[in-house]
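Colleague: I'd like a close look at one part of this model, the stretch that UniProt marks as a transmembrane region. Could you walk me through it?

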Amino acid sequence: MDESRQTSSGAGAVLRKLAPPPALCGFLLLLVLMFTVSYAVGVAAGPVAPGMHGTGTSRGDGDSGGGGGTDDMGDMHGGGH
């Protein structure tokens with residue numbers, strides 16, 4: 001009976017040796033899950049500062065709402081066009 005419990009040699013043993021430990025796989029899975037949840041909460045919350053706009057806005061869209069904070073900052077830092 002002891003002879004049948006010998007360690008198997010071959011592809012199965014090599015794959016088990018190269019595979020990462022289960023604790024590492026669990027940690028990485030938890031890390032990805034936490035990142036996904038935090039990203040979803042951030043998207044749902046939206047911008048946290050007044051006057052922040054998404055990157056999809058363009059300059060000539062006819063909006064005269066006075067929210068040109070990013071354009072003004074560019075002019076302040078030597079962007080004199």
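To get our bearings, in what order do the elements of the protein run from the N terminus on?

Modeller: They run α-α-α. Keep in mind that this is a predicted model. The protein has 3 helices and 0 strands, and buried residues make up just 1% of its 81 residues. The accessible surface comes to about 7,600 Å², with 65% of that belonging to carbon and sulfur atoms.

Now for your stretch. The UniProt entry, which is unreviewed, lists residues 27–49 as "transmembrane region". In the model, those residues are 83% helix and 0% strand, and the C-alpha atoms at the two ends of the stretch sit 33 Å apart. The helix to look at here is H2, which covers residues 22–45. Is its length what you'd expect for 24 residues? Let me put that as a number: what span should H2 have at 1.5 Å a residue? The expected value is 34 Å, and the end C-alpha atoms are 35 Å apart, so the two agree. Just after H2 comes Gly 46, with a positive phi of about 80°.On to the side chains. Leu 30, Leu 33, Met 34, Val 37 and Val 41 together make a nonpolar surface patch of about 480 Å². Met 34, one of the patch residues, belongs to H2 and counts as exposed because its relative accessibility is 52%, where the cut-off for exposed is over 50%. As for the spacing, an α-helix has 3.6 residues a turn, so residues three or four places apart point the same way.

There's an aromatic feature on H2 too. The structure holds 1 aromatic pair, formed by Phe 35 and Tyr 39. Their rings are 6.3 Å apart centre to centre, with 25° between the planes. That makes the pair stacked, because planes under 30 degrees apart count that way. Both residues lie in H2, 4 residues apart, which is about one turn of the helix. Are these two buried or exposed? Phe 35 is exposed, with a relative accessible area of 58%, and Tyr 39 is exposed as well, at 55%.

So, to pull your stretch together: residues 27–49 are 83% helix, Met 34 in the nonpolar patch is exposed, and the stacked pair of Phe 35 and Tyr 39 sits in H2.

Technical notes. Residues numbered from 1 in each chain as written. Predicted model: local features only at pLDDT ≥ 70, side-chain atom pairs only at ≥ 80, totals over all residues. Heavy atoms only, no water. Patch = residues over 30% accessible without salt bridge, like charges linked within 9 Å, V, L, I, M, F, W, Y side chains within 5 Å. Areas by Shrake-Rupley, 256 points an atom, 1.4 Å probe, with all protein chains shown as cover. Salt bridge = Lys/Arg side-chain N within 4 Å of Asp/Glu carboxyl O. Buried < 20%, exposed > 50% of the residue type's maximum accessible area, 1.4 Å probe, protein only. UniProt positions renumbered as here; feature names shortened; annotations may be inferred. Expected span 1.5 Å × (residues − 1). Phe/Tyr/Trp six-rings, centres within 6.5 Å; stacked < 30°, edge-to-face > 60°.
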